[in-house]
Amino acid sequence: MIRSVLIILFIFFYSSDVFACSCAFAWNDSFSRTIKNSEFVALVKIISFDKYLDQDILGHHGKMPYSMTVEIIKKYKGKEQRKKIKILGDNGMLCRPYLSSFKINSYYLVSPNALGNSANTAYDFFSCRTEYLNVDIDSNVALGNYSLIRNQIDLNKFENKVKNGDWDILLLSLILSSIILLLLFMQRNIKRKTNSSSD
């Protein structure tokens, strides 16, 4: 039983994000985990869709956007200096999400990946990680898979977590450690009872 718990914990903390595009261990995915190693995190507003795919995408009505321009409202992390950047979506053959889930004039917390090193590089998202969250700008709250214990976060709290570290992982680690210690204690007591009854 202890071995099983340790294996589960090992998978939880050290699982690989992806094998090809199968998105293995997607249950261990969250925005807070993504931004931990991200080079760029920002609050953005979708300005326009710029390019569309030529082919139809099953389940989507109309032309599928392939490229969008976003305005950087607030940068939390990174060296990007532009006010507007391009983000590319999937073309049907890449491990990127389609851009149809984004809405013009809507706000998002994003952690996109730079596609090059130049000053005018475009960005993309990777399908196997949570790299963006919807933002309700009126209530100043980001909604979605922020962490394993949060599905929304106030933007002021988010900024504080980016600057000072996110304690959600520590809290979850403490809970899991307590469960392991409890299981070890229970197993020890069961062994003692078994040994005393056999005497």
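This is a short tour of a predicted model, stop by stop, with something to select at each one.

**Stop 1: the whole chain**

Start with a cartoon view of the full protein. You should find four helices and nine strands. Follow the chain from its start and the elements come in the pattern α-α-β-β-β-β-β-β-β-β-β-α-α. There are 199 residues in the protein, and 36% of them are buried. If you count contacts with a separation of 6 or more, 56% come from residues 24 or more positions apart.

**Stop 2: the sheet**

Now colour the strands. They make an open sheet of nine strands with mixed pairing, in the order E5-E6-E3-E2-E1-E4-E7-E8-E9. Which strands stand at the edges? Select 113-114 for strand E5 and 150-154 for strand E9. Each has a single partner strand, so one side of each is left without a neighbour in the sheet.

Next, select residues 41-52, which is strand E1, together with residues 107-110, which is strand E4. This pair runs in the antiparallel sense and is joined over four bridges. For a close-up, pick Val-44 and look across to Tyr-108 in E4, which stands opposite.

**Stop 3: the helix on the sheet**

Keep the sheet on screen and add residues 155-164, helix H3. Helix H3 packs on the sheet, where the strands it touches are E1, E2 (65-77), E4, E7 (132-136), E8 (141-147) and E9. Compare its direction with that of E9: the two make about 95 degrees.

**Stop 4: salt bridges**

Time to show side chains. Side chains of opposite charge can pair when their charged atoms come close. In this model the count comes to six salt bridges, and here are some to visit.

- Select Lys-86 and Asp-50, whose side chains meet in a salt bridge at 2.7 Å, N to O. Lys-86 sits in strand E3 (residues 84-88) and Asp-50 in strand E1, so this pair links distant parts of the chain, 36 residues apart. Both partners are partly exposed, Lys-86 with a relative accessible area of 36% and Asp-50 with 32%.
- Move to Lys-74 and Glu-159, a salt bridge of 2.9 Å, N to O. Lys-74 lies in strand E2 and Glu-159 in helix H3, so the pair ties together parts that are 85 residues apart in sequence. Lys-74 is partly exposed at 33% relative accessibility, while Glu-159 is buried at 17%. Add Lys-163 to your selection too: Lys-74, Glu-159 and Lys-163 are linked in a network of salt bridges.
- Then try Arg-129 and Glu-131, where the closest N and O atoms are 3.0 Å apart in a salt bridge. Arg-129 is partly exposed at 26% relative accessibility, but Glu-131 is buried at 1%.

**Stop 5: a buried aspartate**

For the last stop, select Asp-29, in the loop between helix H1 (2-14) and helix H2 (31-36). What is the nearest side chain of opposite charge to Asp-29? It is Arg-33, 5.8 Å away, and Asp-29 has no salt bridge even though it is buried. Show Thr-130 as well, and you can see a polar contact of 2.4 Å joining the side chains of Asp-29 and Thr-130. To fill in the surroundings, display Thr-34, Cys-128, Arg-129, Thr-130 and Asn-145, which are in contact with Asp-29 once its neighbours within four places in sequence are left aside. Arg-129 may look familiar here: this is the residue that forms a salt bridge with Glu-131.

Key:
Residues numbered from 1 in each chain as written. Predicted model: local features only at pLDDT ≥ 70, side-chain atom pairs only at ≥ 80, totals over all residues. Heavy atoms only, no water. Buried < 20%, exposed > 50% of the residue type's maximum accessible area, 1.4 Å probe, protein only. Lys, Arg positive; Asp, Glu negative; His and termini not counted. Salt bridge = Lys/Arg side-chain N within 4 Å of Asp/Glu carboxyl O. Polar contact = N/O pair within 3.5 Å; in protein donor to acceptor, adjacent residues only side chain to side chain. Contact = heavy atoms within 4.5 Å. Pairing = 2+ DSSP bridges. Axes fitted to C-alpha atoms, helices over the stretch in contact; angles between N-to-C directions.
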